[in-house]
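I opened this model to look up one pocket, a strand residue and a loop residue, and I note below what I found for each.

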Amino acid sequence: MTEPSTPMADLLLHPIRFRIVQRVLGREVTTTDLKQDLPDVPATTLYRHVAALIEGGMLTVVRERRIRGAIERTLTLDQATTGRIGIDEARAMTPDQHRSAFLLVLTQLIADFDRMVERGDLDARLEQFGLNQASLYVDAADLDSLREGIGALIEPYLQTQPGKDRITWSIISLPDT
């Protein structure tokens with residue numbers, strides 16, 4: 001018998017909701033923006049998943065305005081505090097949920113890379129692109145310290161700023177097998 005899934009895992013491990021969260025990270029976007037960013041997702045499906053993310057506390061409505069009788073919402077997500085699966089929730093996840101989470105992250109990275117290559121601006125953006133991997137030797141306290149330090153280091157760069165380009169920086173730590 002499988003263990004019940006966790007609330008954050010339920011929110012993040014759905015492919016459409018994961019894509020929505022990726023689009024909103026560090027931005028304020030309208031539902032119209034999301035429809036343009038995710039043209040393969042039917043509008044009713046998109047709205048249903050946005051509502052689930054708002055209800056689950058992942059997305060925040062920062063503004064609403066009426067347009068021709070409909071209400072357009074502007075959404076944001078505080079990536080410094082939201083959208084992370086905590087250690088207690090991770091412990092409650094099944095192995096298949098962990099596999100799904102890892103696959104979703106890798107799939108999104110591949111899709112982002114493909115979009116960059118297809119745009120044809122890889123050469124112009126090579127300074128912002130990097131592939132790095134290193135083997136570190138740490139104990140649990142070292143890893144906690146490393147995570148806290150990286151968090152403190154990147155925190156000033158999590159909000160949109162004029163003249164700054166958005167990049168996606170992914171860090172995956174895997175124990176050696």
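I took helices (H or I, at least four residues) and strands (E, at least two) as DSSP runs, numbered from the N terminus. The model is predicted, so I kept in mind that local features need pLDDT of at least 70 and side-chain atom pairs pLDDT 80 or more, while totals for chains, interfaces and linings use all residues. Residues are numbered from 1 along each chain as its sequence is written, and side-chain values use heavy atoms, with hydrogens and water left out.

Entry on the pocket. I looked up the lining of the second largest pocket (a pocket being, on a 1 Å grid over the protein atoms alone, an open set of points where a 1.4 Å probe fits, with protein on both sides within 12 Å along at least five of seven lines; lining residues have an atom within 4 Å of a point). I found T31, T32, K35, Y47, I67, R68, A70, I71, E72 and R73 there. The elements giving two or more residues to this lining are α3 (31-37) and β3 (70-76), and β3 supplies the largest share, four residues.

Entry on T74. I found T74 in strand β3. T74 counts as buried because its relative accessibility is 9%, where buried means under 20% and exposed over 50% relative accessible area (1.4 Å probe, protein chains only). Beyond its neighbours within four places in sequence, T74 is in contact (heavy atoms within 4.5 Å) with residues including E28, T60 and R63.

Entry on R68. I placed R68 in the loop between β2 (60-67) and β3, and R68 counts as exposed because its relative accessibility is 82%. Although R68 is not a glycine, its phi is positive, about 45°. Most residues other than glycine have a negative phi.
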